[in-house]
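Here are some short exercises to work through with the model open beside you. Try each task before reading the solution under it.

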Amino acid sequence: MITVEQIKQDLQTAAFVDRIMPKVQPPKASGWQFEIIYSQQEMELMERKPPKLQPTPEQIDIWERVVLDWFMILEPDERKLVWKRANHIPWKFLCREFGYGRAEMWRRFHRVLIKISFYLKGKNVGDKKV
């Protein structure tokens, strides 16, 4: 059985994966470029870039489940609230954007989490009978 805390964690994982996934780019014709051969000294002088973070297959599965499955049952405002909260947008900014007080925003956020929880219980996700 999936809990509300696990739903929150999955939402945050999906938001993280969305930030680190490579952006979709149109294909480029790179066949005309010639190969550049660097000397050992040039290679040592070049600045090393930190490795880019790549999402794991499990993280991508979570992203797909959240974005393609869970978000389909939510209203647009609910999606917006949950996604912004998963991206750690402070309550203060959410209250200004939606026009509610902090307590009401918190209630709305948790209603959405419970809605997702009931949706998952209806699918028997905890028993793996999807």
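**Exercise 1.** Find where His88 is placed, and decide whether His88 is buried or exposed.

*Solution.* Keep in mind that this is a predicted model. Start with the location: His88 sits in the loop between H4 and H5. Next, take the accessibility. The relative accessibility of His88 is 52%, and exposed means over 50%, so His88 counts as exposed. Finally, look at the backbone: the phi of His88 is positive, about 65°, although the residue is not a glycine.

**Exercise 2.** Step back into helix H4 and work out which of its residues are buried and which helices they pack against.

*Solution.* First list the buried residues of H4: they are Leu81, Val82, Trp83 and Ala86. Then follow their surroundings, and you will find the buried residues of H4 packing against H1, H3, H5 and H6.

**Exercise 3.** Classify the aromatic pairs of the structure by the angle between their ring planes.

*Solution.* Begin with the count: there are two aromatic pairs. Take Phe71 and Trp83, with ring centres 5.6 Å apart and planes at 85°; planes over 60 degrees apart count as edge-to-face, so this pair is edge-to-face. Now place the partners. Phe71 belongs to the loop between H3 and H4 and Trp83 to helix H4, so the pair ties together parts twelve residues apart in sequence. Both of these residues are buried.

Repeat the steps for Trp91 and Phe109. Their ring centres are 5.8 Å apart and their planes stand at 80°, so this pair is edge-to-face. The pair links distant parts of the chain, with Trp91 in helix H5 and Phe109 in helix H6, 18 residues apart. Trp91 and Phe109 are buried.

**Exercise 4.** Describe how H1 and H3 are arranged, and sort the residues of their contact.

*Solution.* Measure the geometry on your screen: the axes of helix H1 (residues 4–20) and helix H3 (residues 57–69) come within 8 Å and cross at roughly 110°. Angles of 65 to 115 degrees count as roughly perpendicular, and H1 and H3 are therefore roughly perpendicular to each other. Then collect the contact residues. H1 contributes Asp10, Leu11, Thr13, Ala14, Phe16, Val17 and Asp18, while H3 brings Gln59, Ile60, Ile62, Trp63, Arg65 and Val66. Sorted by type, the contact has eight nonpolar, two polar and three charged residues.

**Exercise 5.** Pick Arg65 out of this contact and trace its environment.

*Solution.* Arg65 has its place in helix H3. With 34% relative accessibility, Arg65 counts as partly exposed. Outside its neighbours within four places in sequence, Arg65 is in contact with Asp10 and Trp70. For a sense of distance, compare sequence with space: Arg65 and Ala14 are 51 residues apart in sequence, yet 8.7 Å apart from C-alpha to C-alpha.

**Exercise 6.** Which residues of the largest nonpolar core touch the most other members, and which helix gives the most to this core?

*Solution.* The core holds 27 residues, and those touching the most other members are Ile7, Leu11, Val66, Trp70 and Trp83. Go through the helices next: H1, H3, H4 (76–86), H5 (91–98) and H6 (102–122) each supply at least two residues. H6 gives the most, with six residues. To see one member up close, choose Leu11: beyond its neighbours within four places in sequence, Leu11 is in contact with Val66, Trp70, Phe71, Val82, Ala86 and Leu113.

Methods. Residues are numbered from 1 along each chain as its sequence is written. This is a predicted model: local features need pLDDT of at least 70, side-chain atom pairs count only at pLDDT 80 or more; totals for chains, interfaces and linings use all residues. Side-chain values use heavy atoms; hydrogens and water are left out. Axes are lines fitted to C-alpha atoms, for helices over the stretch in contact, and angles run from 0 to 180 degrees between N-to-C directions. Helices (H or I, at least four residues) and strands (E, at least two) are DSSP runs, numbered from the N terminus. Angles under 35 degrees count as roughly parallel, over 145 as roughly antiparallel, 65 to 115 as roughly perpendicular and the rest as oblique. Contact means heavy atoms within 4.5 Å. Ala, Val, Leu, Ile, Met, Phe, Trp, Tyr, Cys and Pro count as nonpolar, Asp, Glu, Lys and Arg as charged, and the others, Gly among them, as polar. A nonpolar core is a set of buried Ala, Val, Leu, Ile, Met, Phe, Trp, Tyr and Cys residues joined through side-chain atoms within 4.5 Å. Buried means under 20% relative accessible area, exposed over 50%, partly exposed in between (1.4 Å probe, protein chains only). Rings of Phe, Tyr and Trp (its six-membered ring) pair if their centres lie within 6.5 Å; planes under 30 degrees apart count as stacked, over 60 as edge-to-face and the rest as tilted.
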